[in-house]
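The following exercises are to be worked with the sequence and the model at hand. Each task is followed by a solution in steps.

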Amino acid sequence: MSRSQDTASPITPCSPKKGEMISSIQLSRPFLTRLQIEYAQSKTIDNIVVYKQRRNQVFSFLMKVCNTLKFPMRTLETAMIYYQRFYLHNSFNTSTYHDVATVCLFVATKNEETIKKLRDIIAVVSQVRNMQLNSEQAENYRRRIIGLEIKLMETIAFDFRIGHVEEYLVKFSKTLSIPKEITYTAWLFSYDTYQLDIALKAPASSIAVALLELACKLEKFHVNINYRELFVNMEAVNETKVDLLDFYISNYNYSFFASIRPELHDTFMDLKIALGNVKQLVEREKRYIEEDAYFDERSYTTGERRFMLGNQRKRLYNEM
Amino acid sequence: MSYTKGESTAKKVGEGTYAVVFLGKQTSTERDIAIKEIKTGQFKDGLDMSALREVKYLQELKHVNVIELVDVFESANNLNLVLEFLPSDLEVLIKDRTLLFSPGDVKSWLLMTLRGVHHCHRNFILHRDLKPSNLLLSQSGELKIADFGLARSLGSPNEEFTSNVVTRWYRAPELLLGAKHYDGGVDIWAVGIIFAELMLRVPYLPGADDIDQIDVTFRALGTPTDSMWELVSTLPGYNNLTVYPQPTKQELRKRFIAATESALDLMNDGTLRNVS
């Protein structure tokens, strides 16, 4: 899949014929580039520092809820991805982001087949947030979440495909005979990638390869990975490495990895230097991103909204 | 792309638990389609899981023996799934006593079902609700698997699955015994039972309830024991079972009078269990 196709205009208002409703088409684009993400956020988020700070809080809130409800990691990870995708297209508001996080978790439980009654989720959410809800307030809260649910599903364009890094970590490690301890290090990295927006940019398989390579470098274990054999994209692998190393260099104390291996504080600079200048995801010129209708404000009420996966592009162009 | 659906042209063809189904036409191609209209925001737990599963799995499956999800759109608080419309299904045919099935008919339906199931399985998707009424037939006789409301992906080996899937009469023994881990075998079992039903023209193992289903199943096909199916007795539901002997070839021949030997072998293969 070439990058230029990626930035083709996805929302195409069809000229309404007589008696027809205005309709728009929403194409799902599971992966964006750094500049595209920044552009989308510039439209929805007033203060990116506040957003990032609250994002960390929200993720630890979600983790507590998931622990209490005994959800597996993959449910939490999916919720974290949904949360970030939501704010690419909906304006960020400090008074409602916990509700958004709750609905992300709720949809994640459905997508990951770990279904819980919304009522039970709300009970734990209010407990974690120290809110005392009487039955009427809980009912109102439930209604609000249901209202947000469809908005979230429209935002992700009914695209329920989500890959998980840890699944690939295990499979790739077995294929490449990487020792268990190194895979464990890579697995510890993986949670940090979800705390960042790497999963919005690179597919899980590419992230997994990047983490395994970093872990092998860190533990001085030699490994030779043929990207083509594992169907991973070199640019996406590099993007992951650069992002994660930059995060560790500047904010090591905030990482999950640091809570397990605090003594490795200074090693990441060396890894970054060893990595050198590598080819990351190709960025298009800013004006193309700005022209891209994908980042236009979305409507959830007018006319008909039709949803398509990215692989249906060909059909879409044929129709036009 | 637009669809004709209005008071005058659309016909309500059915009302499921969570959706109303309309019949319509694709304006550009005149193709018959079914529109599943799902009200959103009305249910206690939001969008129904079966709707979500249908979207999730059908969006990615494209095969001549799997129903096509033509479009997904949202309008006026309704989620609409546009599916290809198929006028008949195997249940209708089985019940229609005026029809005579030739071995060729049964063979081709079975082959088309297995091709569709194989396509699901090679994409790591279990259907989990195969039964005659979910095997739809087109005007030209193509069979397509429909209703992915219970489908799920195979997932990782440590995930626990619910055993409360598949319509009772088509439920495989590991499900009856409450297994938390299973695989494509549950779909293949259902195909085997559907095969039997196509030959008998009545449901092969019609249990009255979940307990009775165990009895009916094992009386017909024998109770599995550890010697033929390793560790089967460790399944949660394996207690106080009447041990029925395996049916002999002769008994099966008597039950399926018109079946050829190879047909019996094939059915036997589908219902053979040995997970290990």
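**Exercise 1.** Locate His118(B) and classify its exposure.

Solution. His118(B) belongs to helix α3 of chain B, residues 103-122; helices here are DSSP runs of H or I with at least four residues, strands are runs of E with at least two, and both are numbered from the N terminus. The relative accessible area of His118(B) is 46%, so the residue is partly exposed. The classes are buried under 20%, exposed over 50% and partly exposed in between, with a 1.4 Å probe and protein chains only. From His118(B) to Phe148(B) the C-alpha distance is 15 Å, with their positions 30 residues apart in sequence.

The model is predicted: local features need pLDDT of at least 70 and side-chain atom pairs pLDDT 80 or more, whereas totals for chains, interfaces and linings use all residues. Residues are numbered from 1 along each chain as its sequence is written, chains are lettered from A and ligands numbered from 1 in the order written, and side-chain values use heavy atoms, leaving out hydrogens and water.

**Exercise 2.** Check the length of helix α3 of chain A and describe its surroundings.

Solution. Begin with the span, which is expected to be 1.5 Å times one less than the number of residues. For the 22 residues of α3(A), 48-69, this gives 32 Å, and the end C-alpha atoms are 31 Å apart, which agrees. Next, consider the ends. At the N-terminal end Asn47(A) acts as a cap, with a side-chain oxygen 3.0 Å from the backbone nitrogen of Val49(A). After the helix comes Lys70(A), which has a positive phi near 55°. Finally, consider burial. Among the buried residues of α3(A) are Tyr51(A), Arg55(A), Phe59(A) and Leu69(A). Their cover includes α2, α4, α5, α6 and α9 of chain A. Of these, α4(A) is itself mostly covered, with 16 of its 17 residues buried.

**Exercise 3.** Which residues does Thr223(B) touch, beyond those up to four places away in sequence?

Solution. Thr223(B) is placed in the loop between α6 (210-221) and α7 (249-255) of chain B. Its relative accessible area is 1%, so Thr223(B) is buried. Contacts (heavy atoms within 4.5 Å) are made with Phe218(B), Met228(B), Tyr238(B), Leu241(B), Thr242(B), Val243(B), Tyr244(B) and Gln246(B). With one of them, Tyr244(B), the side chain of Thr223(B) reaches the backbone nitrogen at 2.8 Å.

**Exercise 4.** Trace salt bridges within and between the chains.

Solution. The criterion is a side-chain nitrogen of Lys or Arg within 4 Å of a carboxyl oxygen of Asp or Glu. Over all chains, 36 such bridges are found.

- Between chains: Glu159(B) and Arg74(A) form a salt bridge at 3.2 Å, N to O. Glu159(B) lies in the loop between β11 (152-153) and α4 (173-176) of chain B, and Arg74(A) in helix α4 of chain A. Both residues are buried.
- Within a helix: Glu290(A) and Lys286(A) pair at 3.6 Å. They are four residues apart in helix α14 of chain A, about one turn.
- Within chain B: Glu54(B) and Lys36(B) have their closest N and O atoms 2.6 Å apart. The pair connects helix α1 with strand β4, 18 residues apart, and both Glu54(B) and Lys36(B) are buried. As for shared partners, Arg74(A), Glu112(A), Arg152(B) and Glu159(B) are joined by salt bridges into one network.

How values were computed: A polar contact is a pair of N or O atoms within 3.5 Å; within protein, one must be able to donate a hydrogen and the other to accept it, and residues adjacent in sequence count only if both atoms are side-chain atoms.
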